Amino acid sequence: MFTIHHVTQCDIPAREALLDEVMGEARFIKTAARLRDNRLPAEGLSFIARAKARVIGSVQLWHVAAGPQRPALLLGPLAVASDRRNRGIGTALVRQALDEARQHGHGIVLLVGDAPYYGRFGFSSQKTQALWLPGPHERDRLLGHELTAGALDGARGLVHATGRFVPKPELSALVAELSAGLIPAAVPRRREASFAPRAA
Ligand SMILES: CC(C)(COP(=O)(O)OP(=O)(O)OC[C@H]1O[C@@H](n2cnc3c(N)ncnc32)[C@H](O)[C@@H]1OP(=O)(O)O)[C@@H](O)C(=O)NCCC(=O)NCCS
């Protein structure tokens, strides 16, 4: 038994712990992560699955553009706790995210993922062949889903982030937490060193 909820501030630590457990640090290195760096997710479009008090699944949507002048959302990361898989939780999360995105008036959802899984929701690489991401990726894993018929017709160009930036105070807090080792580093070690105090 599980339920789907909008994420609240209180859910974020448990959600991040789940993503760490399911994906590890790789989640920060993926090309799709470049579209989320320093950005806030689309408002009202972050969801968790809960079983009793435990967060067992998560999905988010982010503002991007699919080439020039073509607003879209990026779905991800999608994760379900390893001991709760194959019970329809991932499906329920994706369906809820797509339904609410449609209700908010969005026309396109993109993601980087496995077509054999996401095909069931209507995602395919058919209309994403002339789109590219800001980093290496397998072309057949860039998938699109039209919430409005024809919204991806002729889509061409760089998929780039358009969401609101994380406000500066939150960024400073993040840097402070990184420096103190309270959360896993999302940056290569070489860059992490720049947070260390300089020798006199
Ligand atoms: C992918 C994931 C979110 C699916 O969650 P879930 O709750 O187990 O999914 P559901 O119960 O809704 O669906 C299960 C079905 O999807 C299939 N499936 C799961 N992952 C798949 C994949 N990568 N490719 C193809 N099919 C997949 C299962 O075999 C099962 O098939 P069935 O319905 O024919 O039995 C979960 O496996 C997960 O968190 N994986 C690790 C993180 C990840 O890879 N996320 C991104 C996916 S590209």
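Strands are taken here as DSSP runs of at least two residues marked E, and they are numbered from the N terminus. On that basis, A79 has its place in strand β5 of what is a predicted model. The secondary structure of the chain as a whole comes to six helices and nine strands, and buried residues make up 40% of its 200 residues. Of the contacts in the chain with a separation of 6 or more, 67% are accounted for by residues that stand 24 or more positions apart.

Within strand β5, A79 is buried, its relative accessible area being 2%. When neighbours within four places in sequence are left aside, the contacts of A79 are with L18, L19, V22, M23, I56, G57, S58 and L93. The C-alpha atom of A79 is separated by 6.7 Å from that of V59, although these two residues are 20 residues apart along the chain.

Two of these contact partners of A79, L18 and L19, are also buried residues of helix α1, as is R15. The buried residues of α1 fall within an arc of 100° when seen down the axis of the helix, so they line one face of it. In general, an α-helix has 3.6 residues a turn, so residues three or four places apart point the same way. On the other side of α1, P13 and E21 are exposed. The buried residues of the helix pack against α2 (26-29), β2 (46-51), β3 (54-66) and β5 (79-80). Helix α1 itself runs through residues 12-23, a total of 12 residues, and reaches 16 Å from its first C-alpha to its last, close to the 16 Å expected at 1.5 Å a residue. The helix is followed by G24, whose phi is positive, near 65°.

On the preceding side of α1, D11 lies in the loop that joins the helix to β1 (3-6). D11 is buried, with a relative accessible area of 7%, and, apart from neighbours within four places in sequence, D11 is in contact with H6, I48 and R50.

H6 also appears among the contacts of a second acidic residue, E100, which, with neighbours within four places again left aside, touches H6, G44, L45 and F47. E100 lies in helix α3, which spans residues 89-103. Although E100 is buried, it has no salt bridge, and the nearest side chain of opposite charge, that of R102, is 11 Å away. A salt bridge would require a side-chain nitrogen of Lys or Arg within 4 Å of a carboxyl oxygen of Asp or Glu.

Aromatic side chains were also examined, and the structure holds four aromatic pairs. One of them is formed by Y117 and F121, whose rings are arranged edge-to-face, at 5.6 Å centre to centre and with 70° between the planes. In this pair Y117 is partly exposed, with a relative accessible area of 25%, whereas F121 counts as buried at 6% relative accessibility. The rings of F121 and Y118 have their centres 6.3 Å apart and their planes at 50°, so this pair is tilted; both Y118 and F121 are buried. Ring pairs link Y117, Y118, F121 and F123 into a cluster.

Definitions and conventions:
Residues numbered from 1 in each chain as written. Predicted model: local features only at pLDDT ≥ 70, side-chain atom pairs only at ≥ 80, totals over all residues. Heavy atoms only, no water. Helix = DSSP H or I, 4+ residues; strand = E, 2+ residues; numbered from the N terminus. Buried < 20%, exposed > 50% of the residue type's maximum accessible area, 1.4 Å probe, protein only. Lys, Arg positive; Asp, Glu negative; His and termini not counted. Contact = heavy atoms within 4.5 Å. Expected span 1.5 Å × (residues − 1). Arc of directions from axis to C-beta. Phe/Tyr/Trp six-rings, centres within 6.5 Å; stacked < 30°, edge-to-face > 60°.
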